[in-house]
Amino acid sequence: MDRDRNKTLLLELLKLNGNDRCADCGEPDPEWASYKLGIFICLMCSGIHRNLPQVSRVKSLRLDFWENDLIEFMKKHGNLCAKAKYEAKVPPYYYIPQSCDCLVLREQWIRAKYEREEFVATRVCQDPCSAGSHEGFLWKRGRESKQFKQRRFLLSAREGVMKYYTKEPKGPKAVISIDKLNVMFQAEKIQHAHGLQITYKTDGQTRNLFVYHESGKEIVDWFNAIRAARYHYLRTTFPALPENYIKEGYMEKTGPKQKETFKMRWFSLDSEERSLLYFKNPLDAFPQGQVFIGSRVEGYEVRAGLPQGISVKKRKSGITVVTPTRDFLFLCENDREQREWIDALNGVIAQPLSALHFHHRNKSCKLKFLMKLPPLADACQPV
């Protein structure tokens, strides 16, 4: 009797706000829980928690027996409670992984939260400039030899550069400006679980560096240090704008005839300028274009799904943005992304236009300023 009753209670707790998604990666409908932390998690994250027995112990919600005292503990805690404690001071530049991200990112996020307690309220927040400074050795793939050799890398947010050395007395092999720097995880391409691709522009050409480190923590520290350096650069160069980006991420879009192939693009929704900017890559200096998002009284609307007659090969969640001049069609990777984009777009559409918005809509000068601001990189999307 207790077994059936407790299982029913657990499934009821799962319906509460915050518990219906994995506490660590946001995957919907979690079927596992940590009864030491009082959180509901997905199968993938439960595997990581199993390796942290000092701080977390996991059970299946449906397959394992739950004692009465554990049910009471889960009642008193839950995902929102844990988020308030363990994510109280997550720096704005720190990449929070999702379920689709690579294992090393998700594992280090979980370890940083619960094992090292890096983001609890009592922890002193690190200055982005100091956080954007890092030094150490990485295994780098040679451009001609194709072999990985250890090279010393130096990142300095204060200087605004990253350098790497092959032979110390000769000075750095390359000095890379932070505003030209992009970084993403590429485990499959590099064939290493901690593989990182660093991309930058030199002499008008794109240059890729492929690196890795044996330590998962160290490679994720490098990844977030570069993001911190980028964040410091954006805050220094554009001190007021980044907060206006209320939603960013990948979607696919088609052209004005709605017959063109859907292509993956990085989108940034700027609430102040009422602009949906789209980039080929997350850290591109300039957007490929923009969609002005007006108000509902002007005829702007966002709908779930695509118009009749539009067919796509893959089963993805569609969005239609209706404007007075044309409909814009987008595809999201999953239902969650679709809901988040619809909510964000509706939030802008619900706001009336100001005189400043009318002015900015018809002027390109502000767009040129915005085009100089690349958003922070996503973690694992290919260039």
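**A cavity, two cores and some salt bridges**

Hi everyone! The lining of the largest cavity in this structure is made up of 2 nonpolar, 1 polar and 3 charged residues. Before I go on, please keep in mind that we are looking at a predicted model.

So which residues line the largest cavity? They are R3, N6, K7, D64, F65 and W66. The space in that cavity is about 30 Å³, and the count of cavities of 30 Å³ or more comes to 1. As general background, rolling a probe the size of a water molecule over the atoms shows where empty space is left.

Now let's turn to the nonpolar cores. The largest one has 49 residues, and those with the most contacts inside it are I41, F153, L155, M162 and F185. Which helix gives the most to this core? That is helix α8, residues 216-237, with 7 residues. Let's pick out M162 for a moment. Setting aside neighbours within four places in sequence, M162 is in contact with, among others, F153, L155, V175, I198, W222 and I226. There is also another core, lying apart, with 22 residues, including L276, Y300, A344 and L353.

Next, charges. How many salt bridges does a search of the whole structure find? It finds 18, and I'd like to show you three.

Start with K113 and E87, whose side chains meet at 3.0 Å, N to O. K113 sits in helix α5, residues 103-115, while E87 is in the loop between α4 and α5, so this salt bridge links distant parts of the chain, 26 residues apart. Are these two buried or exposed? Both K113 and E87 are buried.

My second pair is E135 and R152, with a salt bridge of 2.4 Å, N to O. Here strand β4, residues 134-141, holds E135, and strand β5, residues 148-156, holds R152; the two are 17 residues apart. R152 counts as buried because its relative accessibility is 17%, under the 20% cut-off. E135, with a relative accessible area of 49%, is partly exposed.

The third pair is R303 and E301, which meet in a salt bridge at 3.2 Å, N to O. R303 counts as partly exposed at 40% relative accessibility, and E301 is partly exposed too, at 34%.

To finish, let's go back to K113 and E87. Through salt bridges that share partners, they are joined with D24 and K83 into one network. Thanks for listening!

Technical notes. Residues numbered from 1 in each chain as written. Predicted model: local features only at pLDDT ≥ 70, side-chain atom pairs only at ≥ 80, totals over all residues. Heavy atoms only, no water. 1 Å grid on protein atoms, 1.4 Å probe; cavity = no way out; pocket = protein on both sides within 12 Å on 5 of 7 lines; lining within 4 Å. Points joined across faces, edges and corners; volume = space filled by probe spheres on them. Nonpolar A, V, L, I, M, F, W, Y, C, P; charged D, E, K, R; others polar. Core = buried A, V, L, I, M, F, W, Y, C linked by side-chain atoms within 4.5 Å. Buried < 20%, exposed > 50% of the residue type's maximum accessible area, 1.4 Å probe, protein only. Helix = DSSP H or I, 4+ residues; strand = E, 2+ residues; numbered from the N terminus. Contact = heavy atoms within 4.5 Å. Salt bridge = Lys/Arg side-chain N within 4 Å of Asp/Glu carboxyl O.
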